[in-house]
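Got your viewer open? Let's take a short walk through this one, a stop at a time.

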Amino acid sequence: MNTQRIGILGMGSMGRALASTLLEAGHAVTVWNRTPGKAGDVLALGAHEASSPEEAIEASDLTIACLLDAASVRETLTPAMPTLTGRTLVNLTSGSPRQARDLAGWLGKHEVRFLTGGVLAVPPAIGTDEAVILYSGPRDLFGRVAPTLAPLARPHWVGGDPGFAALYDMAALSGMYGMIAGVVHAMTLVQADGGDVEAFQREVLQPWMEQMLPLMFAESDPDESNAGMQATALEIMLGASADAGVPAELAGHLRAALWEMRRAAA
Ligand SMILES: NC(=O)c1ccc[n+]([C@@H]2O[C@H](COP(=O)([O-])OP(=O)(O)OC[C@H]3O[C@@H](n4cnc5c(N)ncnc54)[C@H](OP(=O)(O)O)[C@@H]3O)[C@@H](O)[C@H]2O)c1
């Protein structure tokens, strides 16, 4: 393997998972965290701790930022910009597409080679087959850094627009939070109307959702679950929620789409 020198800015849960996986893959890793003393296990695995972002960047061929949000990335990189100029940065901090494009524009002016990343994994999944990291930005740069980053998660390039990795990441999060909101609403409804939440979750909700998930992406047969029936069922469910005093804004959001499908099918 071609050993690379990698700097990681941010030793939160995700930064530590990235660092330990890259160390286990044989890379030389230098880490920095705003609050010192948080690198813990990562140092025991052989990472070097830098006392400033500049020191971590200077010690590395490739720098990864994994901080809380776009503001913390700006705050960290601004004083380090003279050191970062002419080098490569991969930002694995979650952000919006607009923030990713703004960051790319700013870094471009300082001649920083830059990829946006979107981590579709929780820290324990980093380094496993389930993990995926979305990247966007220059394809040739992705081609050069992907072999180094591959031990973290399957690298998946989604386009030259630096906003696309953030766009797909946020859209995937929307799918996840939609599922969480549906589950929370379902359990709240059962509890509010006197049901056994624990048994409902185990015996009804989880098997039902597992049955539904593959169907969500399958071609649907309009004769099996037609739009008129679905629009009516949604109204009944919203009514049951109202009777139990449980807000159902999330599913209510589907109302217009289902009635439109019903109208189109009529
Ligand atoms: N954990 C997950 O499940 C997961 C999954 C996918 C993506 N992500 C993304 O990965 C990124 C990091 O998540 P995490 O789980 O590692 O979060 P975390 O454990 O809360 O760590 C946050 C990190 O950001 C640093 N930070 C916060 N504000 C800062 C500032 N103003 N300047 C410099 N550093 C600052 C913190 O440093 P201090 O120690 O000094 O506070 C810490 O290193 C986030 O963008 C998150 O959305 C996380």
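**Around the ligand**

Start by selecting helix 1 (13-24) and helix 4 (70-77): each of them supplies at least two residues of the shell around the ligand. Keep in mind as you click around that this is a predicted model.

Now select the ligand itself and show what surrounds it. You should get 22 residues, and the closest are Met14, Asn33, Thr35, Lys38 and Ser94. Try colouring that shell by residue type: it divides into 9 nonpolar, 10 polar and 3 charged residues. Switch on a surface next, and you'll find the ligand sitting in the second largest pocket.

Time to zoom in on some atoms. Which parts of the protein come up to the ligand's oxygen atoms? Click Asn33 first: a polar atom of its side chain is 2.6 Å from an oxygen atom of the ligand. Then go to Ser94, where a polar side-chain atom lies 2.7 Å from a ligand oxygen. For Leu67, show the backbone, as a polar backbone atom there is 3.0 Å from an oxygen atom of the ligand. Overall, the protein covers 76% of the 910 Å² of accessible area that the ligand has on its own.

Last stop: go back to helix 4 and pick out Ser72, which is part of it. Is Ser72 buried or exposed? Ser72 counts as buried because its relative accessibility is 18%, and the cut-off for buried is under 20%. Show its side chain too, and follow it to the backbone nitrogen of Leu68, which it reaches at 3.3 Å.

Terms used:
Residues are numbered from 1 along each chain as its sequence is written. This is a predicted model: local features need pLDDT of at least 70, side-chain atom pairs count only at pLDDT 80 or more; totals for chains, interfaces and linings use all residues. Side-chain values use heavy atoms; hydrogens and water are left out. A residue is near a molecule or strand if one of its heavy atoms lies within 4 Å of it. A polar contact is a pair of N or O atoms within 3.5 Å; within protein, one must be able to donate a hydrogen and the other to accept it, and residues adjacent in sequence count only if both atoms are side-chain atoms. Accessible areas come from the Shrake-Rupley method with a 1.4 Å probe; for residues, only the protein chains shown count as cover. On a 1 Å grid over the protein atoms alone, a cavity is a set of points where a 1.4 Å probe fits but cannot get out, and a pocket is an open set with protein on both sides within 12 Å along at least five of seven lines; lining residues have an atom within 4 Å of a point. A molecule sits in a cavity or pocket if more than half of its atoms lie within 2 Å of its grid points. Helices (H or I, at least four residues) and strands (E, at least two) are DSSP runs, numbered from the N terminus. Ala, Val, Leu, Ile, Met, Phe, Trp, Tyr, Cys and Pro count as nonpolar, Asp, Glu, Lys and Arg as charged, and the others, Gly among them, as polar. Buried means under 20% relative accessible area, exposed over 50%, partly exposed in between (1.4 Å probe, protein chains only).
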